[in-house]
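I opened this entry to keep track of what I looked up, starting with strands and ending with aromatic rings.

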Amino acid sequence: MAVHEIAPDIFAIGALDFDRRLFDGLIPLPQGTSYNSYLVRGKEKTALIDTVDPSRELDLVTNLVKSRVEKVDYIVVNHAEQDHSGSLPMMAELFPTARILVSEKCLDLVVHLLDIDPARCTVVSEQESIDLGGKTLQFFMAPWVHWPETMLTFAVEDGVLFSCDLFGTHMAESTLTARDKVQVYHSAKRYFAEIMMPFRKNISEHMEKIKDLPLKTIAPSHGPVYSPPDLILDAYRDWISDRVSDEVVIPYVSMHGSTEKMVNHLVEALIARGIRATPYNLPVTDIGELAMSLVDAATVVIGTPTLLFGPHPQAVYATYLFNLLKPKTRFVAIIGSYGWGGKTVETLQGMMTRVHPEVLDPVYIKGAPGTGDLKLIESLADTIEKKHREIGIHS
Ligand code: FEO
């Protein structure tokens, strides 16, 4: 990545990763990602805010050389995950007198994950600040976005919030600014769904904490910088709210076509009632797209056949993710077909331990769906319509 000045004497010096296609062995990255690292130059001291993934360490070093940085006084570690801290050992070696600033929980993680000497570290506390000479950095603890140790760093005089993962986007954007707002909104929502959605309550508290700061710029550690920050702040206010949309998401898998027939019938019945319905055929679904659809939808219907004694493994995976991502879904139902028995419905419902939607009656039938079975699907559509009307999202 080229060096970008995002505010007077504040530079983005991180790395773009156009080719990365998977994160955590789980999250698809159709647009690659970036590891944003920032340099803040005061009159007397210089601070490096976060580093980059070790695979892009050379890019960071190159940008430091290009920026003619001879000394770094502070290395701020907002978050210990390796895509931001993985180059910390090299930075610590390159700048042997730099103090490494961490939250209390982060200290333990950089020692255990990165073998950092604790004697090099200084623990900062809530709202503590350091003076770089005409530039002040202030720290705000922001645990659980998505690790327990994360903090935010605020450049007071310039109104720049270095938010690390929070407000990030997995997107390699060479201009570093949000040019195509529709595309950025879409990518930011996908990122929120995959990483931040389980922590809506924590994010709400953090946003409350920063709401009176004179924010001019949000500079996350993935994707575009927001200046002004309204686009991403407004989007987050919506996503973390309890508002749901008049929409049904239907992750499903079918083996011989019976479950698929039921899903298709449900989709048609819901559309006929004016409710948005989106089926996701799990074996060919991008789970990022599925996660994104869970951000707003009022209802989730899981479709699965019984495989031997229980749900199809693809449905187990989707239900596990649903439970893990903890969306604000209000209603859930299970549909599908079985051959001779099994405990499919009980198994899937038993997996929903972290989410508490109202569970609607399942439509679970033997064999291929006949006319009477499809009538049951239409009754489920009626129930969903009634429920959506009761909570005021369907007229
Ligand atoms: Fe981008 Fe939690 O690391």
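**Strands and rings**

I began at strand β10, residues 99-102, which runs parallel to β11 and is joined to it by three bridges. I looked up one residue of β10, Val102, and found Val123 as its bridge partner in β11. I note that the model is a predicted one.

Next I traced the whole sheet. I found an open sheet of seven strands with mixed pairing, in the order β1-β2-β7-β8-β9-β10-β11. I marked β1 (4-7) and β11 (121-123) as the edges: each has a single partner strand, so one side of each lacks a neighbour in the sheet. I also noted the turn between neighbouring strands here, which is 25 degrees on average when direction is ignored.

Then I turned to the aromatic rings. I have eight aromatic pairs in my list. One of them is Tyr38 with Phe162: the ring centres are 5.0 Å apart and the planes stand at 45 degrees, so I entered the pair as tilted. Tyr38 sits in strand β7 (residues 38-41) and Phe162 in strand β15 (residues 160-164), so this pair ties together parts 124 residues apart in sequence. I wrote down both Tyr38 and Phe162 as buried.

I checked Tyr185 and Trp239 as well. Their ring centres are 5.3 Å apart with planes at 55 degrees, so this pair is tilted. Tyr185 belongs to helix α5 (residues 181-196) and Trp239 to helix α7 (residues 230-240), so the pair ties together parts 54 residues apart in sequence.

Are these two residues buried or exposed? Tyr185 has 33% relative accessibility and counts as partly exposed, while Trp239, at 0%, counts as buried. I closed with the cluster that ring pairs form from Phe167, Tyr185, Phe192, Tyr236 and Trp239.

Note on methods: Residues are numbered from 1 along each chain as its sequence is written. This is a predicted model: local features need pLDDT of at least 70, side-chain atom pairs count only at pLDDT 80 or more; totals for chains, interfaces and linings use all residues. Side-chain values use heavy atoms; hydrogens and water are left out. Two strands pair if DSSP finds at least two bridges between them. Helices (H or I, at least four residues) and strands (E, at least two) are DSSP runs, numbered from the N terminus. Axes are lines fitted to C-alpha atoms, for helices over the stretch in contact, and angles run from 0 to 180 degrees between N-to-C directions. Rings of Phe, Tyr and Trp (its six-membered ring) pair if their centres lie within 6.5 Å; planes under 30 degrees apart count as stacked, over 60 as edge-to-face and the rest as tilted. Buried means under 20% relative accessible area, exposed over 50%, partly exposed in between (1.4 Å probe, protein chains only).
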